[in-house]
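Work through the exercises below with the sequence and the model side by side. Try each task before you read its solution.

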Amino acid sequence: MAEPFDPTGGRTGLARRLASVGHSVRGIWVAMRGEFHMQAHAVATMVVIGLGFYYQLARLEWALVALAITGVWVAELLNTALEALTDLVSPGFHPLAGKAKDIAAGAVLLAALGAVAVGLLVFGPKVFS
Ligand SMILES: Nc1ncnc2c1ncn2[C@@H]1O[C@H](COP(=O)(O)OP(=O)(O)OP(=O)(O)O)[C@@H](O)[C@H]1O
């Protein structure tokens, strides 16, 4: 049986909070480095932000675009974390492992479809006018 791991490293208070933020940023970085999907999201995010400035989006339009972008990032990060956990718990074939991965992938698909809808509604009239 493995020794219990203390992720706080004995830190308390502000040091512990700052370490948590560091772990979160490291999580995004690790996912970005290892996942092609995440890198594609990063490029898409920069393109959309560039288009937003080009078309001088209104405040509410920026809010919708920001929500859509964030939704896709959050879904993809959770999907990546769940895939890693699934591979740890079930390296071999198991129907529940497949189910968990399929459901997580479904969340990413839904977020991406929502982002496409927001993109079409916000940018469509500007591009095609
Ligand atoms: N351990 C497993 N047991 C059963 N089915 C699995 C298992 N691992 C993966 N699968 C099935 O294969 C599919 C693809 O799995 P995979 O881990 O390659 O994910 P992915 O969605 O292709 O992600 P990525 O492209 O980011 O690696 C899953 O959605 C699931 O249906």
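The exercises go from the whole chain to single helices, then to one loop residue and the ligand.

Residues are numbered from 1 along each chain as its sequence is written. The model is predicted, so local features need pLDDT of at least 70 and side-chain atom pairs count only at pLDDT 80 or more, while totals for chains, interfaces and linings use all residues.

**Exercise 1. The whole chain**

Task: Find how many helices and strands the chain has, and decide whether the chain is spread out or compact.

Solution: Begin with the secondary structure, where helices (H or I, at least four residues) and strands (E, at least two) are DSSP runs numbered from the N terminus. The chain has four helices and zero strands, which gives the pattern α-α-α-α along the sequence. Next take the radius of gyration, computed over C-alpha atoms, and set it against the globule rule, which is 2.2 Å times the number of residues to the power 0.38. The chain has a radius of gyration of 19 Å, well over the 14 Å that the rule gives for 129 residues, so it is more spread out than a compact globule. Along the principal axes, the C-alpha atoms fill a box of roughly 65 × 45 × 20 Å. Finally, count the buried residues (20 or more other C-beta atoms within 10 Å of their own; exposed means 12 or fewer, partly exposed lies in between, and C-beta atoms are placed from the backbone). Buried residues make up 12% of the 129 residues.

**Exercise 2. Helices H1 and H2**

Task: Compare the span of H1 and of H2 with the span expected at 1.5 Å a residue.

Solution: The expected span is 1.5 Å times one less than the number of residues in the helix. Helix H1 (residues 13-34), with 22 residues, reaches 32 Å from its first C-alpha to its last, close to the expected 32 Å. H1 is also hardly covered, since one of its 22 residues is buried. For H2, the 19 residues should span 27 Å, and the end C-alpha atoms are indeed 27 Å apart, which agrees. Tyr54 lies in H2 (residues 36-54) and is exposed, because 10 other C-beta atoms are within 10 Å. Between Tyr54 and Arg17, which are 37 residues apart in sequence, the C-alpha to C-alpha distance is 38 Å.

**Exercise 3. A residue in a loop**

Task: Explain what sets the phi of Gln56 apart, and state where Gln56 lies.

Solution: Start from the general rule that most residues other than glycine have a negative phi. Gln56 has a positive phi of about 50 degrees although it is not a glycine. Gln56 lies in the loop between H2 and helix H3 (59-89), and it is exposed because 8 other C-beta atoms are within 10 Å.

**Exercise 4. Around the ligand**

Task: Which helix gives the largest share of the shell around the ligand, and how is the shell divided by class?

Solution: A residue belongs to the shell if its C-beta atom, placed from the backbone, lies within 6 Å of the ligand. The shell includes Glu35, His37, Phe93 and Lys101. Helix H4 (residues 95-127) gives the largest share, five residues. By class, the shell has three nonpolar, four polar and four charged residues, where Ala, Val, Leu, Ile, Met, Phe, Trp, Tyr, Cys and Pro count as nonpolar, Asp, Glu, Lys and Arg as charged, and the others, Gly among them, as polar.
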